[in-house]
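Hi everyone, thanks for coming. Let's take a quick walk through today's structure, beginning with some of its charged side chains.

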Amino acid sequence: MSSTYRTLAGPATAEVEVRRSRFRCTLERVESEEDARAVVERCRSAHPGAGHHCSAFVIGPRGELERSSDDGEPSGTAGAPMLDVLRGQDVSDVAAVVTRWFGGVLLGTGGLTRAYAQAVREALAAAQFRSRELRQVVEATADHAVAGRLEHELRLTGAVVRDVRYAERVTFRLAVAPEELEAVSATVAVATGGGSAVHQVGEVWVDA
């Protein structure tokens with residue numbers, strides 16, 4: 001499995017007009033099917049006068065979850081071509097909703113397919129992207145007297161400090177790239193005088 005994948009840095013929109021019909025694509029980053037369906041409902045609420053709110057989404061590091069909807073358009077003319085565009089752009093954790101206002105001229109199945117795909121391509125062209133990286137989740141503990149300095153030094157290694165818990169000792173939970181693990185381990189050892197070691201507790205995807 002790849003240790004990186006591409007997603008949206010933020011929302012994006014684009015609109016195309018085909019024979020007086022308007023197709024407005026909304027792209028948003030999502031983390032679950034529930035998130036994606038919420039994007040569809042927001043578009044319905046924002047544009048109640050539109051005839052269709054067709055959608056497609058891809059979720060997961062390998063695009064494991066895919067769904068699409070024609071929302072009343074002829075079968076296969078909206079959601080499927082939208083999904084094909086998302087797949088072709090190698091992007092995940094993204095929902096695309098194309099809102100259509102009918103312009104009075106029938107486009108036919110081929111015209112609809114091209115229009116919905118074009119709207120998504122235009123929105124992707126306007127979007128900005130970022131990478132997500134798979135990192136190891138590790139924990140380390142330290143005395144309160146050195147915790148502040150250790151946290152500063154850990155951040156300098158490139159590790160992402162995800163949580164700091166204060167009890168009898170201070171526990172740091174970190175997201176660490178594999179190539180950073182040795183430096184993080186050395187930093188912890190030096191700061192604690194060899195009194196603490198780094199322990200892996202899982203994996204997590206983080207924004208690069």
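Okay, start at glutamate 180, which counts as buried at 14% relative accessibility; buried means under 20% relative accessible area, exposed over 50%, and partly exposed in between, using a 1.4 Å probe and protein chains only. Quick housekeeping: this is a predicted model, where local features need pLDDT of at least 70, side-chain atom pairs count only at pLDDT 80 or more, and totals for chains, interfaces and linings use all residues. Residues are numbered from 1 along each chain as its sequence is written, and side-chain values use heavy atoms, leaving out hydrogens and water.

So which residue forms a salt bridge with glutamate 180? That's arginine 135, with the closest N and O atoms 4.0 Å apart. By salt bridge I mean a side-chain nitrogen of Lys or Arg within 4 Å of a carboxyl oxygen of Asp or Glu. Arginine 135 counts as buried too, at 10% relative accessibility.

Now compare glutamate 66 and arginine 87, whose side chains meet at 2.7 Å, N to O. Here glutamate 66 is partly exposed at 27%, and arginine 87 is partly exposed at 43%. In the whole structure, the search finds 22 salt bridges.

Aspartate 70 is another story: it's buried yet has no salt bridge. The nearest side chain of opposite charge, arginine 100, is 11 Å away; for charges, Lys and Arg count as positive, Asp and Glu as negative, and His and the chain ends aren't counted.
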